[in-house]
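Work through these exercises with the model open beside you. Try each task before you read its solution.

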Amino acid sequence: MKRFITVRMWEETKDKLEQVRIDKSIKEKKMVSLAQVIDELVEDYFKKNVK
């Protein structure tokens with residue numbers, strides 16, 4: 001059961017992250033990697049939520 005939940009969560013998260021990547025690529029008019037998007041989202045989160 002745990003594996004199923006993990007896979008399901010990844011599938012949903014991956015789709016959302018891919019959409020963020022596509023939007024960022026269109027906005028910046030250049031290719032953006034999924035890893036770069038994840039790094040930026042994590043960095044933004046820490047700036048806003050960790051003090």
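The exercises below deal with a predicted model.

**Exercise 1. Overall make-up**

Task: State how many helices and strands the protein has, and what share of its residues is buried.

Solution:
- Step 1. Count the elements. The protein holds 2 helices and 0 strands.
- Step 2. Turn to burial. Of the 51 residues, 12% are buried.
- Step 3. Add the surface. The accessible surface is about 4,800 Å². Carbon and sulfur atoms account for 60% of that surface.

**Exercise 2. A bridge between helices**

Task: Find the distance between the side chains of Lys-24 and Glu-40, and decide what their contact ties together.

Solution:
- Step 1. Check the distance. From N to O, the gap is 2.9 Å. The cut-off for a salt bridge is 4 Å, so this pair qualifies.
- Step 2. Place both residues. Lys-24 belongs to helix α1 (residues 2–28), while Glu-40 belongs to helix α2.
- Step 3. Draw the conclusion. The two residues are 16 residues apart in sequence, so their bridge ties together separate parts of the chain.
- Step 4. Classify the partners. Buried means under 20%, so Lys-24 is buried at 19% relative accessible area. Glu-40 has 27% and is partly exposed.

**Exercise 3. Extending the network**

Task: Which residues are linked with Lys-24 and Glu-40 in a network of salt bridges?

Solution:
- Step 1. Look at Glu-28 and Lys-30. Their side chains form a salt bridge at 3.9 Å, N to O.
- Step 2. Check exposure. Glu-28 is partly exposed at 33%. Lys-30 is also partly exposed, at 48%.
- Step 3. Join the pieces. Glu-28 and Lys-30 are linked with Lys-24 and Glu-40 in the network.

**Exercise 4. A bridge within one helix**

Task: Work out how Lys-47 and Glu-43 are spaced along helix α2, and classify each one as buried, partly exposed or exposed.

Solution:
- Step 1. Find the spacing. Both residues lie in helix α2, 4 residues apart. That is about one turn of the helix.
- Step 2. Confirm the contact. Their side chains meet in a salt bridge of 3.6 Å, N to O.
- Step 3. Classify. Exposed means over 50%, so Lys-47 is exposed at 62%. Glu-43 is partly exposed at 46%.
- Step 4. See the wider count. The whole structure has 5 salt bridges.

**Exercise 5. A nonpolar patch**

Task: Which residues make the nonpolar surface patch of about 450 Å²?

Solution:
- Step 1. List the members. They are Ile-38, Val-42, Tyr-45, Phe-46 and Val-50.
- Step 2. Pick one member, Phe-46. Phe-46 sits in helix α2 (residues 34–49).
- Step 3. Check its exposure. Phe-46 is partly exposed, with 46% relative accessibility.

Definitions and conventions
Residues numbered from 1 in each chain as written. Predicted model: local features only at pLDDT ≥ 70, side-chain atom pairs only at ≥ 80, totals over all residues. Heavy atoms only, no water. Buried < 20%, exposed > 50% of the residue type's maximum accessible area, 1.4 Å probe, protein only. Areas by Shrake-Rupley, 256 points an atom, 1.4 Å probe, with all protein chains shown as cover. Patch = residues over 30% accessible without salt bridge, like charges linked within 9 Å, V, L, I, M, F, W, Y side chains within 5 Å.
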